[in-house]
Amino acid sequence: MIIDSHIVEEYLAGGPTGRFRDEWCFGGGHPPYAEPEGSERERVREVYRQVLDCAGDFSPVNRAAWDLMFPEWREQTAGVELLLIVGYPEPYDAVSTKDPQGGEAIILDMLRWTAYLGHIKEAAGNILTHELTHSLISLRAPEVVEDGEHGEYLSRLDALAFNEGFAHLLSFRGMELDKVDWSQYGEVRDRSREKLRAALECGEQSEQERLIYEGTAGGYFDKFLCMAGMFYLEEIWAREGIEGLEREFARGHSGFAKRCAGCE
């Protein structure tokens, strides 16, 4: 990864980070600038140090799946920009996006990451795996990102459930897939599928926008699009292993939401 930390370093030096509010990482589809609390500098300094260590020695959670699905991931992630900042409002701690030149970028807010002090290594493994999975999906299947952002409603459901489902599964709790007790999440799985089935039937445009937002934002287990995608893929993994995940990826995102909801 290419690390750019000029914003957080200015903050740690006691400088006025407000002059960065017009940089590309704020606004324009990204979270707006929020003045960071100066009293948190020492905690941010410790977070920043630990995140740099993790980024410099990064290996993804569920690496075997990455090796199969994204065989060139080492070369591809080497070109991803990792922008370390302060200035995002809560709850934005990590964003996967494009830089102004169209390259893959991940933005981490070091002030927001103070919530993870005490387990930064685990959080970094989880979040970097999650966000870099989005970047790798964008490189392998750019149509997924395009449909997720600009497609018709049903295509957006397909693309978002696909993109988020893979990213959430491969990074879940920073654990290898075979170390997770998936049986304890049955209620979340069933609730998410029920909400997704209702979303697939929705024909009201304003309601559709609300459902897409609720399906991908908010409390972790409340994001029904992400959860329905993740648990559908987990069931494939349980039956067929990581080869099954690769086959499902190659199948593509068209109709994915219906598959997740059990409508096919």
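Trainee: Why is Cys-202 called buried?

Mentor: Cys-202 has a relative accessible area of 16%, and in this predicted model the word buried is kept for values under 20%, so Cys-202 is called buried.

Trainee: What makes Cys-260 count as buried?

Mentor: The same limit of under 20% is applied, and since the relative accessibility of Cys-260 is 1%, Cys-260 is therefore buried by that rule.

Trainee: How many disulfides does a search of the whole structure find?

Mentor: The search finds zero disulfides; to count as one, a pair of cysteine sulfur atoms would have to lie within 2.5 Å, so a count of zero says that no pair in the structure meets that cut-off.

Trainee: Why is the protein described as being as compact as a globular protein of its length?

Mentor: The protein, which has 11 helices and four strands, has a radius of gyration of 18 Å, and the globule rule gives 18 Å for 264 residues, so the protein is as compact as a globular protein of that length. Its C-alpha atoms fill a box of roughly 55 × 40 × 35 Å along the principal axes, and 52% of the 264 residues are buried. As for contacts between residues at least 6 apart in sequence, 71% of them join residues at least 24 apart.

Trainee: Turning to single residues, what makes Glu-248 count as buried?

Mentor: With a relative accessible area of 6%, Glu-248 falls under the 20% limit, so this residue of helix α10, which spans residues 224-251, is classed as buried. Once neighbours within four places in sequence are set aside, Glu-248 is in contact with Phe-162, Tyr-232, Leu-233, Ile-236, Phe-256 and Arg-259, where contact means that heavy atoms come within 4.5 Å.

Trainee: Why is Leu-139 called partly exposed?

Mentor: Partly exposed covers the range between the buried limit of under 20% and the exposed limit of over 50%, and Leu-139, at 41% relative accessibility, belongs in that range and is therefore called partly exposed. Leu-139 is placed in helix α5 and, not counting residues up to four places away in sequence, touches Gln-76 and Glu-104. Leu-139 and Glu-104 are 35 residues apart in sequence, while their C-alpha atoms are 8.4 Å apart in space.

Trainee: What is notable about the backbone at Asn-62, and is Asn-62 buried or exposed?

Mentor: Asn-62, found in the loop between α2 and α3, has a positive phi of about 55° although it is not a glycine. Most residues other than glycine have a negative phi, so a positive value is worth noting. Its relative accessible area of 4% is under 20%, so Asn-62 is buried.

Trainee: What makes Arg-173 count as partly exposed?

Mentor: Arg-173 also has a positive phi, near 55°, in a residue other than glycine, and lies in the loop between α7 and α8; its relative accessibility is 46%, between the limits of 20% and 50%, so Arg-173 counts as partly exposed.

Trainee: What kind of peptide bond joins Glu-90 and Pro-91?

Mentor: The bond between Glu-90 and Pro-91 is cis, with omega about 5°, and Pro-91 is placed in the loop between β2 and β3. Most peptide bonds, by contrast, are trans.

Trainee: Which element gives the largest share of the lining of the largest pocket?

Mentor: The largest pocket has a volume of about 1,800 Å³, and among its 42 lining residues Ala-94, Val-95, Glu-131, Glu-164 and Thr-216 are the closest to its centre. Two or more lining residues come from each of β3, α5, α6, α7 and α9, and α5 gives the largest share, with seven residues. By class, this lining has 18 nonpolar, 14 polar and 10 charged residues.

Trainee: And which element gives the most to the lining of the second largest pocket?

Mentor: Here α5 gives the most, with five residues, and α2 and α5 each supply at least two. The second largest pocket, with a volume of about 230 Å³, is lined by 14 residues, of which Asp-57, Ser-59, Lys-121, Ala-124 and Gly-125 lie nearest its centre. This lining has six nonpolar, three polar and five charged residues.

Technical notes
Residues numbered from 1 in each chain as written. Predicted model: local features only at pLDDT ≥ 70, side-chain atom pairs only at ≥ 80, totals over all residues. Heavy atoms only, no water. 1 Å grid on protein atoms, 1.4 Å probe; cavity = no way out; pocket = protein on both sides within 12 Å on 5 of 7 lines; lining within 4 Å. Points joined across faces, edges and corners; volume = space filled by probe spheres on them. Nonpolar A, V, L, I, M, F, W, Y, C, P; charged D, E, K, R; others polar. Buried < 20%, exposed > 50% of the residue type's maximum accessible area, 1.4 Å probe, protein only. Rg over C-alpha atoms; globule rule 2.2 N^0.38 Å.
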